[in-house]
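Trainee: Could you take me slowly through one part of this model, the place where two helices pack together, and then show me how it sits beside the rest of the chain?

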Amino acid sequence: MITLDFGALAARRPTAQQSSSRKSLSQLSLAVARSKRIIVITGAGISCSSGIPDFRSSDGLYNMVKSRYPDVVMKGRDLFDASLFRDPTSTQLFYTFMAELKASIDAATPSPTHRFIKTLHTKGKLLRSYTQNIDGLEEQAGLVGTSSSAASKKGKGTLKNLKDIKSVQLHGDIHRVRCTICSAEYRCEQHHVEAFRTGEPPSCPDCSVRCQDRVARAARALAVGTLRPSIVLYEEVHPLGDEIGTISARDLSRRPDLLIIMGTSLKVHGIKKLVKDFASAVHNTPPPSLPTRNKTCVNPFSRKVVFINRTPPAGEWEGVIDYWVKSDTDPWVQKCEEDWKRFRPADWEVQGTLVGNPILSPNVPSKNAFKVVKRTPRAVKRELAPTWHLLDFPCTDYLPKYSRQRERDQTESRG
Ligand SMILES: [Zn+2]
């Protein structure tokens, strides 16, 4: 694994190693601009600058909520473990915590990194973004997510239009609520949040209607479920696990040409497996066929796995991750975009669409015969051409259902 020190960019008199890092960082930007099928995997680090509180830190949101429940003996990370539902008090604390977390997330806006991922999509380079975050900021930046209303069928948590989904939310979405019995899903509204804040979950309208119908027919009443945040806790299976397995299997077969991992410590079992599968696919993607005279110009970052994070990856990633960019994600995406604009300005040119009546009449001044109605980046027009369709690929069921399983020796609760 090669380390690229982002701090080298600021060095006034760079050492030989810093000069090498500078050159490599520019080559990496160019590789991003040239890639065609990028997979992005992200974690909590990309949302820090959006104002999402670090809910693991000792003086964070958790302690504020915990002060209302002095009798509960629980660590912050236990709030994301399904076993919390075994105890009524820890369940109450969970709901109160979720209400406060939702309020904080509602006040957040996408970071430069979220907008960069959207740019990759707009420029026709993003195969898919996979995130461990539950804040839905990718969707706010403009990507269709697994919990977007455009992607989900009404009611039950199943997906339609898999090909339109660009952001896969591996751990669910705090902006949705789901029934504990019938799995009906709703957008999380203010009245749900108010109920959570008291520690009590609201009951499920779907279940309530079915129960009332039966009672009206003098039949036995049915159990009514409660609504919980539609996030995936440790030891829980993702309700959309089958669909996520199908999407990732198809992405693996699409020969991704770059894997960018940002803002995650890669400590959750499910994400480790996903990264290893995609790294293997990226490394096995054949090189693009180049004219003989260009053979020496192959970018060293093409078909590579790049990790952008302030802290280094653990030793187990040796041989999986090729480059570690030692940096927060926002400064790196900003540099990457600046380089991209410099190296390939044509990718950023804006092109007008002309409409109008080309038959000039004497009553129409010639300068008004056409007018520019819409300015479209060139790459958007290119991307509009249907290049592939998810359903063209055979369904591969070899990927297990995505489940969120905690490592036994894990010290950190979220990736
Ligand atoms: Zn229900």
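Mentor: In this predicted model, helix α3, which covers residues 88–106, packs with helix α6, which covers residues 190–197, at an angle of about 135°, and their axes are 7 Å apart. Angles over 145 degrees would count as roughly antiparallel and those from 65 to 115 as roughly perpendicular, and α3 and α6 are therefore oblique to each other. The crossing of these two helices, α3 and α6, is left-handed.

If you now look at the side chains where they meet, α3 contributes Y95, T96, M98, A99, K102 and A103, while α6 contributes V193, F196 and R197. Sorted by class, this contact between α3 and α6 holds six nonpolar residues, together with one polar and two charged ones.

Away from this helix pair, there is another position to find, H171, where UniProt, in an unreviewed entry, places the feature "active site". In the model, H171 lies in the loop between strand β4 (167–169) and strand β5 (172–179). H171 has 24 other C-beta atoms within 10 Å, and a residue counts as buried when that number is 20 or more, so H171 is buried.

For the wider setting, the secondary structure of the chain comes to 11 helices and 14 strands, and buried residues make up 38% of its 415 residues. Finally, when you consider the contacts in the chain between residues at least 6 apart in sequence, 69% of them join residues that are at least 24 apart.

Terms used: Residues numbered from 1 in each chain as written. Predicted model: local features only at pLDDT ≥ 70, side-chain atom pairs only at ≥ 80, totals over all residues. Axes fitted to C-alpha atoms, helices over the stretch in contact; angles between N-to-C directions. Helix = DSSP H or I, 4+ residues; strand = E, 2+ residues; numbered from the N terminus. Parallel < 35°, antiparallel > 145°, perpendicular 65-115°, else oblique. Left-handed = near helix turned anticlockwise from the far one by under 90°. Contact = placed C-beta atoms within 7 Å. Nonpolar A, V, L, I, M, F, W, Y, C, P; charged D, E, K, R; others polar. UniProt positions renumbered as here; feature names shortened; annotations may be inferred. Buried ≥ 20, exposed ≤ 12 C-beta atoms within 10 Å, placed from the backbone.
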